[in-house]
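Visitor: Could you take me through one part of this model up close? I'd like to look at the nonpolar patch on the surface and what surrounds it.

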Amino acid sequence: ICLNLNIKIKYAKSITKDNGWFSGFFDADGTVTYSIKNSIPQLTISVTNKLLIDVLPFKDRLGGNIYFDKGQNGYYK
């Protein structure tokens with residue numbers, strides 16, 4: 001919509017412990033899962049979004065990996 005209306009997109013600032021964007025984004029696009037693989041418990045914390053720039057702050061703060069999934073018109077996780 002912003003591109004169609006020629007409105008500059010505002011990207012998220014760096015994540016801090018006081019950043020409301022972080023918790024709001026995770027509430028909307030985040031997941032926490034728990035599973036057992038080969039008798040070893042595994043906790044996964046992830047976010048999913050079409051824009052890489054929205055997923056990068058989570059990797060920077062929490063570590064882990066980002067991959068692109070071609071399903072559902074493509075998204076980063």
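Guide: Strand 1 (30–37) and strand 2 (40–47) each put at least two residues into the nonpolar patch, with strand 1 giving the most, three residues. Keep in mind that this is a predicted model. The members are Val32, Tyr34, Ile36, Leu43, Ile45 and Leu62, and together they show about 660 Å² of accessible area on the surface. Look at the numbering within strand 1: Val32, Tyr34 and Ile36 are all in the patch. In a regular strand, side chains alternate between the two faces of the sheet.

Now for how the two strands sit together. They run antiparallel, joined by eight bridges, and in that pairing tyrosine 34 stands opposite leucine 43 of strand 2. Leucine 43 has a relative accessible area of 56%, so it counts as exposed, the cut-off being over 50%. At the turn, the hairpin has two residues between its strands, and asparagine 38 there takes a positive phi near 55°.

Carry on past strand 2 and you reach asparagine 49, in the loop that leads to helix 2 (52–62). Here the picture flips: asparagine 49 is buried, because its relative accessible area of 15% falls under 20%. Its side chain reaches the backbone nitrogen of leucine 51 at 2.8 Å. Setting aside neighbours within four places in sequence, asparagine 49 is in contact with Phe25, Asp29, Asp54, Val55, Tyr75 and Tyr76.

Technical notes
Residues are numbered from 1 along each chain as its sequence is written. This is a predicted model: local features need pLDDT of at least 70, side-chain atom pairs count only at pLDDT 80 or more; totals for chains, interfaces and linings use all residues. Side-chain values use heavy atoms; hydrogens and water are left out. Patches are made of residues with over 30% relative accessible area and no salt bridge: like charges are joined within 9 Å, nonpolar side chains (Val, Leu, Ile, Met, Phe, Trp, Tyr) within 5 Å. Accessible areas come from the Shrake-Rupley method with a 1.4 Å probe; for residues, only the protein chains shown count as cover. A salt bridge is a side-chain nitrogen of Lys or Arg within 4 Å of a carboxyl oxygen of Asp or Glu. Helices (H or I, at least four residues) and strands (E, at least two) are DSSP runs, numbered from the N terminus. Buried means under 20% relative accessible area, exposed over 50%, partly exposed in between (1.4 Å probe, protein chains only). Two strands pair if DSSP finds at least two bridges between them. A polar contact is a pair of N or O atoms within 3.5 Å; within protein, one must be able to donate a hydrogen and the other to accept it, and residues adjacent in sequence count only if both atoms are side-chain atoms. Contact means heavy atoms within 4.5 Å.
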